[in-house]
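Me: Please take a close look at one part of this protein, the place where its first two domains touch. Then work outward from there to the helix packing and the backbone details in the loops.

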Amino acid sequence: MNEQTATENLLSRCLTDKHYRDTIDRRIDGIVDLIDRGHDGKSILKNAGKRVGREITFLIEIARSRVQTRGKFSRSNRLWLDNYTARYSTPESVARYRAQRISGETILDIGSGGGMQAIFFSESNTVKGLEKDRIRYLESQINAEVYGAKNLEFINSEWPSLKNNNSNLQDALIFSDPLRESGSKERELKDLIPSPADIIRNYSGITGKFAFDIPPQIRREKLGIDAETEYISVNGSLNRLTLYCGPLKNAESSAVILPAGIKISGRYEPPDFQHAEKVLEFIELPDPSLIYAGLVNQVKKLGDFSFLGGDKRRIVLTSSVHPEEPFPGKIYRNLAVCQLDEIQEKLVEIGAGKIYPRFEIQPEEYYAMKNRFEAATSGEREIFIFRVGPGYVLSEQEVKPQ
Ligand SMILES: C[S@@+](CC[C@H](N)C(=O)[O-])C[C@H]1O[C@@H](n2cnc3c(N)ncnc32)[C@H](O)[C@@H]1O
């Protein structure tokens, strides 16, 4: 029996024999404990190998995924996700948001992976998930049980083999979060498997409702689909781009900020702010979802901002008055403006503790700068450093009102 078959057998038995799954879950708990205590793969194998038999490599993979997805899923400690699905599955906050936006539909999820988006969709829709990989298909069935999902069925099949069974899909919503090839940075829609264009072509006769989860790095000019582009950030980092087509399209572009639950929609526009002559009392970093969605100008409703600078990842604004809340992004209070050789002295003066450079800088330089300044300071305050022209702004983040 090869490793693939052994893994499939283990997952199938976990599905039919609850007692067996509880035993294996407890064994995985043991591996998670070893990982938490800093053991590496070799030492885990030595510690746990004899007890769990030949499936150990797979169980270590599941254990690693449980550690890795702790902040991502509320039931991470009982989920079955392999390396790939742990990395690419939709985070719970995003999946739940989408299940709020889309409800009361019959959904076909093409390429349902470990099942996470399908599971949350099924809270407000009837869902059929199609997954070609047998291991992921089995994982998704277990994961659905872990979340007590109903109105949900997974099918182990490679799309479009179900092409002839479209009768029950009249007016259904076709969703797909296609396979990404890891590594390719400059992505295009045609690199995704299966391709959204093929999916639209296949179902256009029976429905107009399509939604696709695609890598947010794909440039707008390369989309080639008439769709609302919805960029979602989670904890301040860009996380997802969803395309909504046909009757699902409510706007040209949208930005959704989670967990705050802020949503902004409108027309895609390049940033348009007057340039600042100097750094004012406040510095603002609009959320990346707004920048990607071309909606950053909408913050103008919340204050009088000027443009201080920016790079590929951020736009830095400044204002003399605290912006109105809820501001879709981060707000900092300017504590000092200085030159590079004065930073250390200023940091000591203002009682800095942790330091966070917030400008384009190589990772090695980032840590070198952070470590050098943190070694010289002994205060409590968290200080964020922005580079503006030849100078640097030392600032403190404003606490968001509850
Ligand atoms: C990014 S994952 C989906 C993750 C899922 N949305 C979630 O939230 O857990 C994409 C999945 O599509 C599957 N896939 C790719 N091409 C497929 C096809 N032609 N038919 C069925 N599944 C396919 C891959 O095996 C992979 O598991």
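Reply: Six residues of domain 1 are in contact with six residues of domain 2. On the domain 1 side, these residues divide by class into three nonpolar, two polar and one charged. This is a predicted model. Domain 1 covers 3–68 and domain 2 covers 89–266, while domain 3 takes in 282–397. Between the C-alpha centres of domain 1 and domain 2 the distance is 30 Å.

Next, the helix packing. Helix H2, residues 18–36, packs against helix H4, residues 56–68, at an angle of about 60 degrees. The axes of H2 and H4 are 9 Å apart, and their crossing is right-handed. From H2, the contact uses Arg-27, Ile-28, Ile-31, Val-32 and Ile-35. H4 supplies Leu-59, Ile-60, Ile-62, Ala-63, Arg-64, Arg-66 and Val-67. Sorted by class, the H2 and H4 contact has nine nonpolar and three charged residues, with no polar ones. The charged residues are Arg-27 of H2 together with Arg-64 and Arg-66 of H4.

Now the loops, beginning with Asn-151. This residue is in the loop between helix H8 (134–146) and strand E3, and E3 spans 152–156. Asn-151 is not a glycine, yet its phi is positive, near 55 degrees. Because 14 other C-beta atoms lie within 10 Å, Asn-151 counts as partly exposed.

On the other side of E3, the loop that runs to strand E4 (173–176) holds Pro-160. The peptide bond between Trp-159 and Pro-160 is cis, and its omega is about 10 degrees.

A second asparagine with positive phi is Asn-235, where the value is near 50 degrees. Asn-235 sits in the loop between strand E6 (227–234) and strand E7 (237–245). What is its exposure class, and why? Asn-235 is exposed, because it has 12 other C-beta atoms within 10 Å, and a residue with 12 or fewer is classed that way.

Another cis peptide bond leads from Glu-325 to Pro-326, with omega near 0 degrees. Pro-326 belongs to the loop between strand E12 (315–319) and strand E13 (329–338).

To return to the starting point, the contact between domain 1 and domain 2 involves six residues from each, and the domain 1 side includes three nonpolar residues.

Technical notes:
Residues are numbered from 1 along each chain as its sequence is written. This is a predicted model: local features need pLDDT of at least 70, side-chain atom pairs count only at pLDDT 80 or more; totals for chains, interfaces and linings use all residues. Helices (H or I, at least four residues) and strands (E, at least two) are DSSP runs, numbered from the N terminus. A residue is buried if 20 or more other C-beta atoms lie within 10 Å of its own, exposed if 12 or fewer, and partly exposed in between; C-beta atoms are placed from the backbone. Axes are lines fitted to C-alpha atoms, for helices over the stretch in contact, and angles run from 0 to 180 degrees between N-to-C directions. A crossing is left-handed if the near helix is turned anticlockwise from the far one by less than a right angle, and right-handed if clockwise. Two residues are in contact if their C-beta atoms, placed from the backbone, lie within 7 Å. Domain bounds come from an automatic or database domain assignment.
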